[in-house]
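Colleague: I'm new to this one, so please take me through it slowly. I'd like a close look at the packing of side chains on the inside.

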Amino acid sequence: MHGADPRLVLGLHRSRHHRDILTAALDLGVTALDTAAPYLGFRSHTVLAETAADLLPKFALSTKVGFFPGTGGAEHSLDPGRLRLAVEKAARELGREPDTVLLHNPEQSLADLSLADGHALLGSACTALVDAARDGLCRTWGVSSWDPRPLGTVRLEDLPSPNILMVRAGFLVGIGLLDATTVLRNIWQAGETWGMSPFGGGNGKVWEDFDPRPFLRPPHDGLSRVQAAFRTAFHLPSAAAVAVGTDDPAHLAQLVQTLGAEVDTTAVSQYLRALHPLRQS
């Protein structure tokens, strides 16, 4: 068994939630698990409890709230009362309090609001999660944002600072989103940054055309382009952890193998500088 390495988070988005991937993760030393209330058709929490109740205490478990069943699909809400009930429901369904609760894509509710209304709504939502942590319903709280740019339009300085900011990471994230994450972290003073979706939703063909291995310091013999892309994602943006989804234990083992590789941060900096003129042209 490998030593535990919390830098890799097993994400359950699009996962079938089978027990074998959870046991494989633990055998590989992956002890962080990320899910969300709406995953698996709003059944993620209950299925995890039904199939792996004995395994869940072995993971640092994060989940997300903010999407709710609605007519024709899911609806987003930052209503603090609904969020509080969602956190309580998550703990009941999982059979344990999650370690971290993340506000799920709050930008969905801010797009059509004035700055003042957006500030008030986001503030009340953050306060609801602060209160949940204070009351023992979770240990830490944070924000998971697919597109952090709208958050930057809201005055954040006097809002509660999240323990965790979760954003997209990797080579398939545009410079506009990377810059927005940098601005958001500086203003909001988030405790940690987590990356997600390092492969852009599973588009494997891009790695046939682009080789990220030069972004790793030698020696990196034997590592694939996909492995190099995953390892470099920890620096696009700089992140303490990256969540990746897979139902394949062999793929997960390959990603764990990359954690010992060293990223050439000078090459990453040069890459980021090169992206800025491309955005302006």
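Modeller: Let's begin with a rule: a charge sits over a ring if NZ of Lys or CZ of Arg is within 6 Å of the ring centre and within 35 degrees of the ring normal. Keep in mind that what you're looking at is a predicted model. By that rule, arginine 231 lies over the face of phenylalanine 234, with 5.2 Å to the ring centre. Another such case is arginine 82, which lies over the face of phenylalanine 68 at 4.1 Å from the ring centre.

Stay with phenylalanine 234 for a moment. Its ring and that of phenylalanine 230 have centres 5.4 Å apart and planes at 80°. An angle over 60 degrees counts as edge-to-face, so that's what this pair is. Phenylalanine 230 and phenylalanine 234 are both buried. They also belong to one aromatic cluster, together with Phe171, Phe199, Trp207, Phe210, Phe215 and Tyr271. Over the whole structure there are 9 aromatic pairs. One of the others joins tryptophan 207 to phenylalanine 210: here the centres are 6.3 Å apart and the planes meet at 40°, so the pair is tilted. Tryptophan 207 is buried, at 4% relative accessible area, whereas phenylalanine 210 is partly exposed at 28%.

Between those two phenylalanines and the next strand, look at alanine 233, in the loop between α8 and β10. Alanine 233 has a relative accessible area of 0%, so it counts as buried. Setting aside residues up to four places away in sequence, alanine 233 touches Ala169, Gly170, Pro198 and Val242. Methionine 196 is 37 residues from alanine 233 along the sequence, and the two C-alpha atoms are 8.9 Å apart in space.

Phenylalanine 230 also leads us into the core. In soluble globular proteins, nonpolar side chains tend to be buried together. Here the largest nonpolar core has 47 residues, and Phe230 is among the members that touch the most others, along with Leu8, Leu10, Leu22 and Leu33. Elements that each supply at least two residues of this core include strands β1 (8-11) and β10 (241-245) and helices α1 (19-27), α3 (44-52) and α8 (225-232). Apart from this core lies another, of 28 residues, with Leu83, Val101, Leu103 and Cys138 among them.

For one detailed view of the largest core, pick leucine 22. Beyond residues up to four places away in sequence, leucine 22 touches Leu10, Leu33, Leu48, Ala52, Leu55 and Phe59.

Polar side chains turn up inside too. Histidine 17 is in the loop between β1 and α1 and is buried, with a relative accessible area of 2%. A 2.7 Å polar contact links its side chain to that of serine 44. Leaving out neighbours within four places in sequence, the residues in contact with histidine 17 include Leu12, Thr35, Leu40, Leu48 and Asp247.

Serine 62, in strand β3 (residues 60-65), is also buried, at 2% relative accessibility. Its side chain makes a polar contact of 2.7 Å with the side chain of aspartate 34. Serine 62 also touches Leu33, Thr35, Thr100 and Trp194, again not counting residues up to four places away in sequence.

Now back to Cys138 in that other core. Cysteine 138 is buried, at 6% relative accessible area, and cysteine 126 is buried too, at 0%. A disulfide needs the two sulfur atoms within 2.5 Å. The cysteine sulfur closest to that of cysteine 126 is in cysteine 138, and the distance is 12 Å, which is too far for a bond. The count of disulfides comes to 0.

For a less enclosed spot, try leucine 121 in helix α5 (residues 115-134). At 25% relative accessibility, leucine 121 counts as partly exposed. Outside its neighbours within four places in sequence, leucine 121 is in contact with Leu78, Ser109 and Leu113. Leucine 272 is 151 residues from leucine 121 in sequence, and their C-alpha atoms are 34 Å apart in space.

Note on methods:
Residues numbered from 1 in each chain as written. Predicted model: local features only at pLDDT ≥ 70, side-chain atom pairs only at ≥ 80, totals over all residues. Heavy atoms only, no water. Core = buried A, V, L, I, M, F, W, Y, C linked by side-chain atoms within 4.5 Å. Buried < 20%, exposed > 50% of the residue type's maximum accessible area, 1.4 Å probe, protein only. Helix = DSSP H or I, 4+ residues; strand = E, 2+ residues; numbered from the N terminus. Contact = heavy atoms within 4.5 Å. Phe/Tyr/Trp six-rings, centres within 6.5 Å; stacked < 30°, edge-to-face > 60°. Polar contact = N/O pair within 3.5 Å; in protein donor to acceptor, adjacent residues only side chain to side chain.
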